[in-house]
Amino acid sequence: MNRIEEMIDRLCPDGVEYKELQEVAIIDRGRRVVKKQLAQTGEIPVYQNSLLPLGFFTESNFSGDTPFVIGAGAAGQVGYSSIDFWAADDCFPIVSGKEIHPKYVYHNLLSKQSYLDSRVRKASIPRLSRLVIEKLTIPVPPMEIQEEIVRVLDSFAELEAELEAELEAELEARRAQYAYYRDKLLDFSSRGGVPLMPLAEAVRVNKGSFITKKDVEPGKIPVILGGTEPAYWHSVHNHIGEGVVVSRSGVNAGFVSYWDEPIFVSDGFVLDAREIASLRYVFHYLKRIQDQLNNLKRGSGVPHINRQLLGSTLVPIPSLEEQKRIVSILDVFDTLVNGISQGLPAEIEARRKQYEYYRDKLLTFKEKAA
């Protein structure tokens, strides 16, 4: 920060001129391609209505080191390509003039992400007008200062990416470790005397009470609707205490989750304990065979799992003492996985806020008097 302040005092002591983006750069528009022209892999990414490439093309229409803004679909999202790319017709590449650094433009655009989002026209396909981008006002300090700001902000972005990669690698290693011990502990094929029992005999299988968003009264009770995360938060519960939930419909049918708090089970089945089976043990076993549960889906349109099919799924039921021993081991790994998983977004968010703080501070200048 001291170096940049010294540069400002030396190069622009009277302030910095603010200009509309269209005065210092060309806000261009891409050219249409159709998906059948594209490949799944290649060297030239095609950006259309998302920050993820639509596919790959044989030629480029913009050079690398160019920021862009998505105009439709994920309208308003800001991207940057360090390599040559093809911009399709819903992508607005921003070609810098001599007095503006392309990466400096990119960081400025990121600082205005909330404003861009607010100007998106919400319709069947969200859209952002090119005029909104052209009229954005940004400070234009001397190039030497722009380059130093880019260097500082890029270093924050690189640190954030490195941290995310490290935490993801650690998370993946813990998941693999948990899966290894889970499979080893829950494989009873070489151990005699462990009976197989239909799930409906080992636990009680109860169907949830379907609810729609308009029926929800805002509160703190998670509503389990069929996805991997709560769909809504309600003021009413229909299950309290320990329970294992198996999602019933949709692409995530068969997803298994464990709860020990008041919940509202909607499009799913909640499993309650009987005397012969620990719910925590059943949870770990069902996570092991989650792909098998997912394959129980039937029906066209929105597939769903039948309670009878779910209830007939065979589960090995060792003694309660053995179940307790298995659970004590697997819970350690489950805690490690969840701890890293929950910590991952928090760590990344902390780095992101640090970047945003310095970005906003570095991109704020005293405006030069007219």
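**Two pockets and the helices around them**

Helix H11 gives the largest share of the lining of the largest pocket, 5 residues. The model is predicted, and the pocket is a convenient place to enter it. Its volume is about 680 Å³. The lining of this largest pocket comprises 24 residues, and those nearest the centre are Phe255, Phe283, Lys287, Asp334 and Asn338. H11, which runs over 320-362, is one of the elements that each supply at least two lining residues; the others are helix H6 (143-185), strand E14 (242-247), strand E15 (256-260) and helix H8 (279-288). Sorted by class, the lining of the largest pocket holds 11 nonpolar, 7 polar and 6 charged residues.

The second largest pocket has a volume of about 470 Å³. Its lining has 18 residues, with Tyr106, Leu110, Ala157, Glu160 and Tyr355 nearest the centre. Helix H3 (102-111), helix H4 (113-118), H6 and H11 are the elements that give two or more residues to this lining. Here H6 gives the most, with 5 residues. In the second largest pocket, 8 lining residues are charged, 7 are nonpolar and 3 are polar. H6 and H11 thus appear in the descriptions of both linings.

Next come two of the helices, H8 from the lining of the largest pocket and H3 from that of the second largest pocket. H8 is mostly covered, with 8 of its 10 residues buried. The buried residues of H8 are Leu279, Arg280, Tyr281, Val282, Phe283, His284, Tyr285 and Leu286. One of them, Phe283, was named above among the residues nearest the centre of the largest pocket. H3 is mostly covered as well: 8 of its 10 residues are buried. In H3 the buried residues are Lys103, Tyr104, Val105, Tyr106, His107, Asn108, Leu109 and Leu110. Tyr106 and Leu110 are also listed among the residues nearest the centre of the second largest pocket. An α-helix has 3.6 residues a turn, so residues three or four places apart point the same way.

Within H8, what surrounds Arg280? Arg280 is found in this helix, and its contacts, leaving aside residues up to four places away in sequence, are with Glu242, Tyr258, Val327, Asp331 and Asp334. The relative accessible area of Arg280 is 13%, so Arg280 counts as buried, the cut-off being under 20%. Its side chain makes a polar contact of 2.8 Å with the side chain of Asp334. Asp334 is also one of the residues nearest the centre of the largest pocket. The backbone of Arg280 takes part in a cap: a side-chain oxygen of Ser278 lies 3.3 Å from the backbone nitrogen of Arg280, and Ser278 thereby caps the N-terminal end of H8.

The last step is the protein as a whole. Its secondary structure consists of 11 helices and 18 strands. Along the principal axes, the C-alpha atoms fill a box of roughly 85 × 45 × 45 Å. The radius of gyration is 27 Å, whereas a compact globule of 370 residues would have one near 21 Å. Of the 370 residues, 43% are buried. Among contacts with a separation of 6 or more, 71% are between residues 24 or more positions apart.

Terms used: Residues are numbered from 1 along each chain as its sequence is written. This is a predicted model: local features need pLDDT of at least 70, side-chain atom pairs count only at pLDDT 80 or more; totals for chains, interfaces and linings use all residues. Side-chain values use heavy atoms; hydrogens and water are left out. On a 1 Å grid over the protein atoms alone, a cavity is a set of points where a 1.4 Å probe fits but cannot get out, and a pocket is an open set with protein on both sides within 12 Å along at least five of seven lines; lining residues have an atom within 4 Å of a point. Grid points are joined across faces, edges and corners, and a volume is the space filled by probe spheres set on the points. Helices (H or I, at least four residues) and strands (E, at least two) are DSSP runs, numbered from the N terminus. Ala, Val, Leu, Ile, Met, Phe, Trp, Tyr, Cys and Pro count as nonpolar, Asp, Glu, Lys and Arg as charged, and the others, Gly among them, as polar. Buried means under 20% relative accessible area, exposed over 50%, partly exposed in between (1.4 Å probe, protein chains only). A polar contact is a pair of N or O atoms within 3.5 Å; within protein, one must be able to donate a hydrogen and the other to accept it, and residues adjacent in sequence count only if both atoms are side-chain atoms. Contact means heavy atoms within 4.5 Å. The radius of gyration is taken over C-alpha atoms; the globule rule is 2.2 Å times the number of residues to the power 0.38.
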